[in-house]
Amino acid sequence: MAFREKIHWVTLVTMAAAFGWYFLVYPWQIADSPAGVWATAGLLVPVTIAIIVAMTVATAFLAIRNRAEVDLKEDERDRSFHMRGTHYAYYPLVVGIWVNIFLIFWGVSQAQQLNMMLATLVVAELVRIGTQLYLYRRGY
C-alpha cells in the first residue's frame with residue numbers, strides 16, 4: 001500500500017470517528033435554542049483537536065516507517081485520483097448547500113443549520129477520500 005493511500009485511510013477513519021462522535025453526543029434536544037449554537041462550538045473544539053492530534057501522530061508514524069516514499073512527488077495517477085475524488089465530492093456538497101438554502105426559508109434554527117452545513121462538508125469530504133481510496137484499491 002502506498003504512503004498516500006495510507007494517509008487517506010487514516011484521514012477517512014479519523015474523520016468518520018471524530019464526526020461520528022460529534023453527531024452522536026450533540027445535545028439535539030437544545031438544537032432549537034440559542035444554546036445549540038454554543039453547544040456546536042463547544043463540541044467542535046475537541047473534535048478539531050482530536051483530528052489534529054490523530055493526523056499528526058499517524059502521519060509522523062507512517063512517515064518514519066515509510067521514509068523512502070515520503071518525499072516522492074505526486075505522479076499523474078495520484079493527481080488523477082485527487083481530481084476524480086474532488087469531482088465526486090462536488091455533488092453531495094452542492095446538494096447540501098441547496099438543502100441549507102431551503103432550510104433558511106423554512107425557519108430552521110441556527111444550530112440545526114450549522115449542523116446541516118457541517119454534515120454536508122463531512123459527507124463531501126468522506127466521499128472525496130472514499131473515492132480516492134476506491135481508485136487506489138482498484139489500481140486505476
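**Helix 1 and its surroundings**

In this predicted model, the buried residues of helix 1 are covered by parts that include helix 2, helix 3 and helix 5. Helix 1 runs over residues 3-25, and the buried set in helix 1 takes in Phe3, Glu5, Ile7, His8, Val10, Thr11, Leu12, Thr14, Met15, Ala18, Phe19 and Tyr22. The length of helix 1 works out as well: at 1.5 Å a residue, its 23 residues should span 33 Å, and the end C-alpha atoms do sit 33 Å apart, so the two figures agree.

Some of those buried residues turn up again in the core. The largest nonpolar core has 19 residues, and the members that touch the most others are Val10, Phe19, Tyr22, Tyr26, Val47, Ile51 and Leu62. Helix 1, helix 2 and helix 5 (110-138) each put at least two residues into this core. That fits a familiar pattern: nonpolar side chains in soluble globular proteins tend to be buried together. Leu62 shows how the contacts run, since, with residues up to four places away in sequence set aside, Leu62 touches Phe3, Lys6, Ile7 and Val10.

Two of those partners come back a little further along the chain. Asn66 sits in the loop between helix 2 (35-65) and helix 3 (67-70), and, leaving out neighbours within four places in sequence, Asn66 is in contact with Phe3 and Lys6. Despite being in a loop, Asn66 counts as buried because its relative accessibility is 12%, under the 20% cut-off.

Tyr26 is another loop residue, this one between helix 1 and helix 2. With a relative accessible area of 3%, Tyr26 is buried, and Tyr26 is also among the core members that touch the most others. Setting aside residues up to four places away in sequence, the contacts of Tyr26 are Ala31, Gly36, Ala39, Thr40, Leu43, Ala111 and Asn115. With Gly36 there is a polar side to the story too: the Tyr26 side chain reaches the backbone oxygen of Gly36 at 2.8 Å. Gly42 is 16 residues from Tyr26 along the chain, and the C-alpha atoms of the two are separated by 9.9 Å.

On the charged side, the structure holds four salt bridges. One of them pairs the side chains of Asp78 and Arg4, at 3.5 Å from N to O. Asp78 belongs to helix 4 (residues 76-105) and Arg4 to helix 1, so this pair ties together parts that are 74 residues apart in sequence. The two ends are not equally covered: Asp78 is buried, at 12% relative accessible area, whereas Arg4 is partly exposed, at 23%.

Other salt bridges stay within a single helix. Arg79 pairs with Glu76, with 3.3 Å between the closest N and O atoms; both lie in helix 4, three residues apart, or about one turn of the helix. Here Arg79 is partly exposed, with a relative accessible area of 38%, while Glu76 is exposed at 59%. The spacing makes sense, because an α-helix has 3.6 residues a turn and residues three or four places apart point the same way.

Helix 5 has a pair with that spacing as well, as Glu125 and Arg128 are three residues apart there, about one turn of the helix. The closest N and O atoms of the Glu125 and Arg128 salt bridge are 2.4 Å apart. Glu125 is partly exposed at 23% relative accessibility, but Arg128 counts as buried at 16%.

Technical notes. Residues numbered from 1 in each chain as written. Predicted model: local features only at pLDDT ≥ 70, side-chain atom pairs only at ≥ 80, totals over all residues. Heavy atoms only, no water. Helix = DSSP H or I, 4+ residues; strand = E, 2+ residues; numbered from the N terminus. Buried < 20%, exposed > 50% of the residue type's maximum accessible area, 1.4 Å probe, protein only. Contact = heavy atoms within 4.5 Å. Core = buried A, V, L, I, M, F, W, Y, C linked by side-chain atoms within 4.5 Å. Expected span 1.5 Å × (residues − 1). Polar contact = N/O pair within 3.5 Å; in protein donor to acceptor, adjacent residues only side chain to side chain.
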